[in-house]
Every structure is written in structure tokens, then in C-alpha cells.
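Open the model in your viewer and show it as a cartoon. The stops below say what to select next.

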Amino acid sequence: MSPPPDRSPVLCLGEVLIDLIAADGATRLEEVSAFAARPGGAPANAAVALARLGVASAFCGVVGGDPFGARLAATLSANGVDVSRLRTAREADTTIAFAWKDARGDGHFRLLRLADRLLSPDDVARAGIDRLAALVIGSVALAAEPSRSAVMRAVEIATASRVPVCFDVNLRPTLWSDLEAARAACEPLLSRSSLLKLSLDDAGSLFGTGDADAALVHLERYGAPYVVVTDGARGAWFARRGEAAPPADRYVPAFAVDAVDPTGAGDAFTAAVVARLIQRQWARLDRADVVFAAAAGGLTTTRRGAIDALPTTAEIASFLTDRKTEGEAPARKR
């Protein structure tokens, strides 16, 4: 697909929050004794990541009328994100998320949804979605009202206006009464997206499979032009609508890095894919784009996150150049 070239910016819509990140190395939430408070929320992280990649970005969401809300607004603005669509709800506190990594280094989250769920269709109506370069959404906002209705309305407007929709599934099981409810909420958006990005864990929750190739087969029926499935340090898989490719040609291994904190790595990956697609007006997703995104995600894990860790285009380019020189660039799976 190819939207009109004069549209701007990319709008990231959904939750913005304070991540309380485990700071003592504990791999189970009940064992954590110290947390570091950092700005976060997947759509907010993606908005900053896009700005650092030279893509005009904006954020639409709700913060509380408290010091955390003020901090989040200031952080987004300081990082070049348009916050004119960010609303402060004086009647609510800012959303909080607990974040930690398990023994194999994968990130886990438990959210206390507060102000962010107050995002409403009225906020969407004022967001100028018909004039965007792209719309980035996730599944967290789908877990409560009115934020669920707001996301649905945003996607309706985007679809009618030929605005590409990027759906980063980002499923958090603790937000849902059961997985069937999550599947029912995600289903309408899977079929309206130009880019579907989800983790292998998300695929397991939605489709009952832990196999990436099987997940891609499940996703093909939704007709998205581009699909990416990620699995942290174990790599990523991608597919294009209507193009059959052997498994080896659609797999990109992760870069080996000294990981410190996985928070925000998936959001950096998503933003990098979106940035590359925008460069060529959504004409084609290729392997080099996914390698670029893998570098963005890998780099993010090497610093304390989420927002502070998100890399720039120059940092990604330098990283890729160094790895190519050292012979460590991802190779096709054999």
C-alpha cells in the first residue's frame, strides 16, 4: 500500500506510564526489593524511538494530574514528540507498570491501569487521524473502556483515510479476564493492519502455538501486507502478503549483545520497522529492514530503559558497521 506522501506525523496512541523497573537483579516480582522509576508505555516508547530515527512523531493518550504525569509530558516533549494530543486527567493518577526480567533475560510486566484507560473517542476525534503518516497502536488499551472504544474508532478513521495501521500486539495476560477476551478484542484489528508485529509469546496466547512458522501461517489469513514475529534474543521472523518464502529466508537472528535491561527493546524494534517502511512509502518490507530493527532492539537492551535506551539512526548505523567489520552480522538460518 502507498499512502499520500505529504502526511505527517506518525501518531502513537495508547498508554503512557511510569515503569517501576526491578533494580536489584531479582527475576521474580515477589522477590524485588528495589525499583527504578522511569518513563515508559509501549506507544510512548515507540513515539520517542521514531523521533530518534528522524521520523516526525506524536503521542495521543492520558496522564494523571500528578508529578508522574507532568514528568511524562515533559519527557516526551524533550525528546521531540508532539504532545498536543496528550491529555491530563485531574481526576486520576498516572498509570504504573512493574517491570522485571526472568532468568533467561526476557522482560515481564504487570500494569496498574489508571489514567491511561480514560483515553476516549473524543480524544481520537480531535487527533487528526485522517492526516497521519501512520497510526501505531497496541493491545493494552483494548483491555478496558473507554480506551478500547478509542482505539477502535482510531482504526476506523485510519482505515477509511488510507492511513497505515501498525498493530504491535504486546499482550499482557494479567489485564484480561481470559485469553478468549483478548483474542476477541484483537481480532478486528488484525485484519485492518498494514503491519502486524507480535512476540512469539503473544502468538502463543492468541493462537496456541509456540512455533514462529506456524504463527506466520495463522497470521496470513488476516491479510496484513507485512507481519513480524519476534522472540527476544532468539531472533525474528517476517512475511509479506502473497509471497511464499522458505523458512530460512524469513528468519533474522538477534545480535549478540551484553544485555542490561530488555524494557523498550520491542518498541525500538517496532519503530525501526515503521521508519524503514515510511522511507519507501510502505512499498516493501525486506530483510535489511528487519536486520535494522534487530539492531535497534539489541542496542536498546544494552542500556537502562526504556526511553533513555532508545537508539538514534547514527547509533544503529555505527552498530551495524562494527558488527559487519567483526563478521557478526546476522546470517540466514541454515
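A residue counts as buried under 20% relative accessible area, as exposed over 50%, and as partly exposed in between (1.4 Å probe, protein chains only). This is a predicted model, where local features need pLDDT of at least 70, side-chain atom pairs count only at pLDDT 80 or more, and totals for chains, interfaces and linings use all residues. Residues are numbered from 1 along each chain as its sequence is written, and side-chain values use heavy atoms, with hydrogens and water left out.

Select helix 8, residues 265-279. Helices (H or I, at least four residues) and strands (E, at least two) are DSSP runs, numbered from the N terminus. In helix 8, 12 of the 15 residues are buried, among them Phe 269 and Arg 276. Their cover includes helix 1 (42-52) and helix 9 (287-301), by contact, meaning heavy atoms within 4.5 Å. After helix 8 comes Gln 281, with a positive phi near 55°.

Next, show the strands. Nine of them form an open sheet with mixed pairing, in the order 5-4-1-8-9-10-11-12-13; two strands pair if DSSP finds at least two bridges between them. Strand 5 (82-89) and strand 13 (251-252) are the edges, each pairing on one side only. Strand 1 (residues 10-13) and strand 4 (residues 57-64) run parallel, joined by four bridges. Select Leu 13: its bridge partner in strand 4 is Cys 60.

Finally, select residues 179-190 (helix 5) and 200-207 (helix 6). At what angle do helix 5 and helix 6 pack? The angle is about 105°, with the axes 9 Å apart; axes are lines fitted to C-alpha atoms, for helices over the stretch in contact, and angles run from 0 to 180 degrees between N-to-C directions.

Definitions and conventions:
The expected span of a helix is 1.5 Å times one less than its number of residues.
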